[in-house]
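Please consider the model shown below. The paragraphs that follow lead through selected parts of its fold.

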Amino acid sequence: ARRFPGTLAAGAAQANARQVAMSMPPYDDRDGYIWQDGDLVPWRDATCHVLTHGLHYASCVFEGERLYHGHIFKRDEHHQRLLDSARILGFEVPYSVAELNEAANAVARANGIANGYVRPVAWRGSEQMGISAQRNRIHVAIAAWTWGDYFGSDGRLQGIRMRTADWKRPSPETAPAKSKAAGLYMICVLSKHQAEAEGYKDALMLDYRGRIAEATGANIFLVRNGELHTPEPDCFLDGITRRTVMALARERGYTVRERAVMPEELADTDEVFITGTAAEVTPVASIDRHEFTVGAVTRELMGAFEDLVNNPASWDQAPA
């Protein structure tokens, strides 16, 4: 059978991804500690029952946070969003922002992590099984681990390649778009897996109207004639890193426009980058057939963000 270059690249990408995954310890079999329901427990003992409601019916919310030099960036905002996300799904997290802050700090210290990733998660338990879960206990856990560049160092230097996903972000009338709810990431997983199978790093998701929305786990910015254009977050999450980068851009005199952005605009866009806790600020080299430069605006904002997160003394926050 004839092999096309795209097929060869996709096959090599899949083989490399499998090799990297096999070289990493599985997330259920590691040394260290996870904070679960008020206590630090050995990593391997942080479990839940197979009939957990959050597993079967997606009654689960989570956060992603970054540790820089022993400090969790935007810690209060992340933990407040966890509480808000749970309320949108109809349950109350049984801990305050201050208690979650203390727990996250304890996890970082217990695992000896100064630079890495923190994952708080809250879910309905297993007391009741079925659509209704009014009597189920709310569980909370926080884990932390070392994690470098989300797309690898090459992605940050050269930009990542993306393709447009087949799945679209739903209307806010059909999904709780303002909640960082686990169930909303199902189409992200499908979209990213399809992109990776074809040799891309990530996927661009349009919304239910056909407008540009976001990447699978990050917000997106277009640079056109020296101005930043980013979709209005009316059917997807208004990212904490997104808001941070917008503020950094405005401080440096850039015009930032939040508006409806159409995919046809990629044809005359100079630069594209994505933002998120995991992705930080990552340039995009191409989307489908459209190619972009890792230009001066992207590089300046990458540098500004790195300077900010690497200067925890400016955050007005106690260390972890």
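**Loops, cores and helices**

With a relative accessibility of 18%, Asp37 counts as buried, because burial is assigned to residues under 20%. The model in which Asp37 is described is a predicted one. Asp37 sits in the loop that links β1 (33-36) to β2 (39-42). Although Asp37 is not a glycine, its phi is positive, at about 50 degrees.

A second non-glycine residue may be set beside Asp37. Ala58 has a positive phi near 60 degrees and is likewise a residue other than glycine. Ala58 is found in the loop between α2 (53-57) and β3 (60-62). Is Ala58 buried or partly exposed? Its relative accessible area is 32%, so Ala58 is partly exposed.

From the loops, the account turns to the interior. In soluble globular proteins, nonpolar side chains tend to be buried together. The largest nonpolar core in this model comprises 27 residues, and Val61, Phe91, Val93 and Ile142 have the most contacts inside it. Two or more residues of this core come from each of α3 (75-88), α4 (97-110), β6 (116-124) and β7 (138-145). The greatest contribution to this core is that of α4, which supplies 6 residues. Val93 illustrates the contacts: neighbours within four places in sequence aside, Val93 touches Leu82, Leu83, Ala86, Ala122, Ile138 and Val140. There is also a second, separate core, which has 20 residues and includes Tyr254, Phe273, Leu301 and Ala304.

Two of the elements that contribute to the largest core, α3 and α4, also pack against each other. Their axes lie 9 Å apart, and the packing angle is about 120 degrees. Helix α3 is therefore oblique to α4. The crossing of the two helices, α3 and α4, is right-handed. On the α3 side, the contact is made by Arg75, Asp76, His79, Gln80, Leu82 and Leu83. On the α4 side, Val97, Leu100, Asn101, Ala104 and Asn105 take part. Leu82 and Leu83 thus appear in the contact between α3 and α4 and among the residues in contact with Val93.

Further along the chain is helix α7, which spans residues 240-251 and has 12 residues. From the first C-alpha to the last, α7 reaches 17 Å, close to the 16 Å expected at 1.5 Å a residue. Which residues of α7 are buried? They are Ile240, Thr241, Arg242, Thr244, Val245, Met246, Leu248 and Ala249. Just after α7, Gly253 adopts a positive phi of about 90 degrees.

Note on methods: Residues are numbered from 1 along each chain as its sequence is written. This is a predicted model: local features need pLDDT of at least 70, side-chain atom pairs count only at pLDDT 80 or more; totals for chains, interfaces and linings use all residues. Side-chain values use heavy atoms; hydrogens and water are left out. Helices (H or I, at least four residues) and strands (E, at least two) are DSSP runs, numbered from the N terminus. The expected span of a helix is 1.5 Å times one less than its number of residues. Buried means under 20% relative accessible area, exposed over 50%, partly exposed in between (1.4 Å probe, protein chains only). A nonpolar core is a set of buried Ala, Val, Leu, Ile, Met, Phe, Trp, Tyr and Cys residues joined through side-chain atoms within 4.5 Å. Contact means heavy atoms within 4.5 Å. Axes are lines fitted to C-alpha atoms, for helices over the stretch in contact, and angles run from 0 to 180 degrees between N-to-C directions. Angles under 35 degrees count as roughly parallel, over 145 as roughly antiparallel, 65 to 115 as roughly perpendicular and the rest as oblique. A crossing is left-handed if the near helix is turned anticlockwise from the far one by less than a right angle, and right-handed if clockwise.
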